[in-house]
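Biologist: Please take me through one part of this model at close range. Start from a single residue, then work outwards to its setting, its chain and the partner chain.

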Amino acid sequence: MSLRLAGVSYRYAGSPNVVLSEVDLVVEQGEVVGIVGPNEAGKSTLCLVAAGLAPGTIAGRLEGTVTIDDLTTSTARPYELAQRCGSLFQNPGTQLSGTTLSVWEEIAFGPRNLGLALDEVVARVNAVVSTLEIGELVERAPARLSGGQAQLVALAGVLALQPAYLVLDEPTSQLDPQGTNLVGDALAGLAARSNVGILVVEHKTDLLAGIASRVAVLDAGRIVAIDASADILADERLPGWGVDQPSSVRLARAAALRGVSVG
Amino acid sequence: MTQRPPSFVVRAPTGTYRSLNPATKLATAAAEVVAAFFLGLWTGPVVVLVLVVLTAFVAGVARRLGVVAAVTIPIVASIMLINSLLYPGATDVIARIGPLAPSISGFLFGLQITIRLLAASLALGVAYLTTRTGDLLADLERRGFGRRASFIIGSAIETVPRTVTRAAEIVDAQRARGLDTEGRWWRRVRGIVPLAAPVVFGALTEVEERTMALEARAFSTPGPRTVIRTLPDSGRQRAVRWALLLGLVLLVGLRLTGHLAVVP
């Protein structure tokens, strides 16, 4: 069981440019795969394609196949995909429904869409609130949350659909260090305690170093390197691809240059 | 053991007018809007305006309704000016100043439209200020309203405060880059373009992101959504709604057949 992209190329409707080219990628359940790369590398498009939102919701031409377990994204309905693969985008503000009075109801939005029994909706919301440890937020109005809290609530809303995979497009890009830590801790906890497969695009390599088991580098729509997180993030070619190395790697390198050994 | 939503989710709104079922408040607002436009030239608008103001005091939203009224000032001012100065075919012109011909009949016509517009917008304002969007949507969905239609209504209502917040952020950002948005009126007008463009384009970008976010939350699942709370309703409120609906139809019918011509 896996989220699998095989020979995937993608171009948006009306555009001659190929945004993704011959991408092969597999995310197993319980695994966190990080994606790094320079701007315009196609990272956000990779997220949309992997989650089945492109070309499902955003028109374009897909070549190759994307499968989520036994579902092929090009033929599956969006609501079927949503239950297999949750998506989280950069801007927490646009991911909340904007029509609910409390965080609790916001998290219940997805399960309610499925028409589940009330018992089941309540159970799912309570379970997600407990997993992400956001009990103190449930009574709050979604519009009054900080960026980090809103992103956590958006994540909770997606998790309440109980997807086997998560696709996250720079989930901390608009967050301050405190918000980044909130979301990072939540993802680390999720990966450690559940069997959810996570594909996460992230510029903050310090965050990836802490949660990803493998990291792929995407450049000009192609995967140019993929390996264990520690190996890729320590790769000297990384800055050349427009990606900062984690501070621990930079510190170790600076120390080594000065003849200081770091244990 | 059966699990229930927490009490703050199922808690119904309290207060004399706020506690009414959203459908009752919507029906009242609709009837008031129709009465303001169909019941005579002065009677309907004036009666509705008085009723709406009284309701606002009872519901404790008079101050906020004043803000809604203030928002209509530019429209009201332009209606009054155009009609008072440029009313076509006026026989009681007070003076002629170039193309301008101020007249009593033009002034009265402008006043009539103003009261009508004010009555209708404040009637909707009272419904808006006394009904939480979530309550309205919960009630609409419970009544079998489609999820898309309900969501569009909810989103449209929530767009107003969201756009105001976004506009304020953009004003701050433009000021930080040296744009003068205060002072004389032409400076304010000149500041509208760099404000409007980001608001409009930002809203369009948001629509795409929101659509994707909705799809990612299984919004297009066929069939009814789970109802998590039912807002209180009563036989008396149902009777009032039917009476309002019948009165509304009757009013439109009488107006169209010319039977209300005697009402001033």
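**A close look at A:Val27**

Modeller: A:Val27 counts as buried, because 25 C-beta neighbours lie inside 10 Å of this residue. The cut-off for that label is 20 or more. Keep in mind that this is a predicted model.

Where does A:Val27 sit? It belongs to strand 2 of chain A, which covers residues 20–28. Leave aside residues up to four places away in sequence, and A:Val27 touches six others: A:Ser2, A:Leu3, A:Val33, A:Tyr165, A:Gly197 and A:Leu199. As a distance check, take A:Pro111. It is 84 residues from A:Val27 along the chain, and the two C-alpha atoms are separated by 25 Å.

Now a contrasting residue in chain A. Is A:Asn195 buried or exposed? A:Asn195 counts as exposed, because its C-beta neighbours inside 10 Å number 12. The exposed label applies at 12 or fewer. A:Asn195 is in a loop of chain A, between helix 7 (177–193) and strand 8 (197–201). Beyond residues up to four places away in sequence, A:Asn195 touches A:Gln29 and A:Gly30. Its C-alpha atom is 26 Å from that of A:Gly56, with the two positions 139 residues apart in sequence.

Step back to chain A as a whole. The chain contains 10 helices and 10 strands. Its radius of gyration is 19 Å, and the globule rule gives 18 Å for 263 residues; the two are close, so chain A is as compact as a globular protein of that length. The C-alpha atoms occupy a box of roughly 60 × 45 × 30 Å along the principal axes. Of the 263 residues in chain A, 52% are buried. Look at contacts with a separation of 6 or more: in chain A, 66% of them link residues 24 or more positions apart.

Chain B is the partner. It has 11 helices and zero strands. Along the sequence, the pattern is α-α-α-α-α-α-α-α-α-α-α. Why is chain B described as more spread out than a compact globule? Its radius of gyration is 23 Å, well over the 18 Å that the globule rule gives for 264 residues, so chain B earns that description. Its C-alpha atoms fill a box of roughly 80 × 60 × 35 Å along the principal axes. Buried residues account for 25% of the 264 in chain B. Among contacts in chain B with a separation of 6 or more, 71% join residues 24 or more positions apart.

Next, the interface. How many residues of chain B are in contact with chain A? There are 34, and they meet 38 residues of chain A. On the chain B side, the elements that give two or more residues are helix 1 (7–10), helix 7 (133–142), helix 8 (147–176) and helix 10 (192–215). Helix 10 of chain B gives the most, with seven residues. By class, the chain B side splits into 13 nonpolar, 11 polar and 10 charged residues.

Two of those elements also pack on each other. Helix 7 and helix 8 of chain B meet at an angle of about 165°, and their axes are 10 Å apart. That angle is why helix 7 of chain B is roughly antiparallel to helix 8 of chain B. Their crossing is right-handed. From helix 7 of chain B come B:Thr133, B:Leu137, B:Leu140 and B:Glu141. They meet B:Arg147, B:Ser150, B:Ile153, B:Gly154, B:Ile157 and B:Glu158 in helix 8 of chain B. The residues of this contact comprise four nonpolar, three polar and three charged.

One further helix pair in chain B deserves a look. Helix 4 (residues 62–71) packs with helix 6 (residues 104–130) at an angle of about 140°, with 10 Å between the axes. That makes helix 4 of chain B oblique to helix 6 of chain B. This crossing is right-handed. Helix 4 of chain B supplies B:Arg64, B:Leu65, B:Val68 and B:Ala69. Helix 6 of chain B supplies B:Leu118, B:Ser121, B:Leu122, B:Gly125, B:Val126 and B:Leu129. The classes here are seven nonpolar, two polar and one charged.

Back to the starting point: A:Val27 is a buried residue, placed in strand 2 of chain A.

How values were computed:
Residues are numbered from 1 along each chain as its sequence is written. Chains are lettered from A and ligands numbered from 1 in the order in which they are written. This is a predicted model: local features need pLDDT of at least 70, side-chain atom pairs count only at pLDDT 80 or more; totals for chains, interfaces and linings use all residues. Helices (H or I, at least four residues) and strands (E, at least two) are DSSP runs, numbered from the N terminus. The radius of gyration is taken over C-alpha atoms; the globule rule is 2.2 Å times the number of residues to the power 0.38. Two residues are in contact if their C-beta atoms, placed from the backbone, lie within 7 Å. Ala, Val, Leu, Ile, Met, Phe, Trp, Tyr, Cys and Pro count as nonpolar, Asp, Glu, Lys and Arg as charged, and the others, Gly among them, as polar. Axes are lines fitted to C-alpha atoms, for helices over the stretch in contact, and angles run from 0 to 180 degrees between N-to-C directions. Angles under 35 degrees count as roughly parallel, over 145 as roughly antiparallel, 65 to 115 as roughly perpendicular and the rest as oblique. A crossing is left-handed if the near helix is turned anticlockwise from the far one by less than a right angle, and right-handed if clockwise.
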